[in-house]
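Open the model in your viewer and keep the sequence panel beside it. This tour says what to select at each stop and what is there.

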Amino acid sequence: MKKPSTLTTSSGLRGEYEAAADDYVVGQDWHAYTPDMHDRWARLYARQSALVRTHACAAFRDGLARLDCADGIPRFEDANAVLGAATGWRLVAVPGFIPDAVFFDHLAHRRFPVTRWLREEHELDYLVEPDVFHDFFGHVPMLLDPTIADFLELYGKAGARAMEMGALDMLARIYWYTVEFGLVREDDALKVFGAGIISSSGETRFAIEDPDVLRLPFDPVRIMRTAYRIDSFQQTYFVLESLPQLIDELVRLDFGPVYQTWRDHPPLPAGATLPNEIPFTGARA
Ligand code: HBI
Ligand code: FE
């Protein structure tokens with residue numbers, strides 16, 4: 001497999017693929033982080049953790065508290081002690097985005113790939129690729145939740161079949177609209193559990209507070225048919241009634257026939273509603 005070419009920023013940490021093994025795993029090289037980087041992490045952490053208190057689901061809040069990573073970029077080894085005991089997951093450092101098949105294989109074995117580089121100072125609010133703040137702060141707290149821990153393994157195991165059937169886009173939308181941009185209802189309030197939302201201050205507020213954005217009940221087939229935006233806030237969010245609903249509905253679903261039915265149809269545009277669909281609105285959102 002050909003590896004992506006190296007992209008290097010002034011930090012020298014972004015996308016060093018040369019050192020990666022076939023599974024793309026590298027050392028975290030924690031000692032290479034500079035005091036500036038730890039300070040940047042601490043500021044990102046302070047900003048996001050304030051929002052977490054009011055906007056994130058209980059599992060995220062509890063998970064984050066157990067990780068003890070407020071003051072600087074955490075050592076993955078330290079998190080692994082907590083994770084291993086809780087759900088049997090383990091973090092592996094990677095240079096950045098990795099090929100789909102490799103990503104799926106790690107998840108199927110309860111290894112979560114975490115990008116080792118940190119965004120630059122001018123990227124505090126927005127970046128396209130995952131960095132260590134997105135991957136660690138956004139994803140690792142939820143890996144301490146038994147439902148999400150099991151779901152991610154199942155997602156990894158589902159990857160091979162989706163690729164064989166030419167339906168990777170459809171499976172990837174499940175990840176996107178749940179693990180990355182999922183909302184869950186808790187005590188009649190909307191809360192965030194998706195890493196893409198919770199690692200962004202603007203989108204955390206937007207996803208919960210915007211009165212007009214489309215919020216639909218969680219529906220795996222609807223999700224697999226829905227395109228998503230990678231360059232702006234989402235135009236549609238899907239809302240779980242509880243975290244276990246995620247697994248309960250997906251284990252009952254035979255993905256093969258769904259792929260066959262929909263893979264050759266163009267996806268519904270993000271933000272579109274179907275004729276008989278009732279979005280959540282107002283207080284009920
Ligand atoms: N690699 N590092 C990294 N992080 C991801 O979230 C990721 C990836 N490779 C593929 C991928 N995600 C997705 O396209 C799959 O879920 C399909
Ligand atoms: Fe992510």
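The stops are a metal site, a pair of strands and a helix.

This is a predicted model, in which local features need pLDDT of at least 70, side-chain atom pairs count only at pLDDT 80 or more, and totals for chains, interfaces and linings use all residues. Residues are numbered from 1 along each chain as its sequence is written, and side-chain values use heavy atoms, with hydrogens and water left out.

Select the iron ion (ligand 2). The iron ion is coordinated by H134 (NE2), H139 (NE2) and E180, which gives OE twice, at 1.9 to 2.8 Å. Donors here are N, O and S atoms within 2.8 Å of the metal (3.2 Å for Na, K and Ca). Along the chain, the donors follow the spacing H-x4-H-x40-E. H139 lies in helix α5 (residues 132-143) and E180 in helix α7 (residues 168-180), so this pair ties together parts that are 41 residues apart in sequence. Helices are DSSP runs of H or I with at least four residues, and strands are runs of E with at least two. Both H139 and E180 are buried, meaning under 20% relative accessible area with a 1.4 Å probe, protein chains only.

Next, select residues 183-186 and 189-192. These are strands β3 and β4, which pair in the antiparallel sense over four bridges; strands pair if DSSP finds at least two bridges between them. R185 has L190 in β4 as its bridge partner. In the hairpin, D187 takes a positive phi near 50°.

Finally, select helix α11 (residues 244-252), where Q245, L246, I247 and L250 are buried.

Definitions and conventions:
Chains are lettered from A and ligands numbered from 1 in the order in which they are written. Buried means under 20% relative accessible area, exposed over 50%, partly exposed in between (1.4 Å probe, protein chains only).
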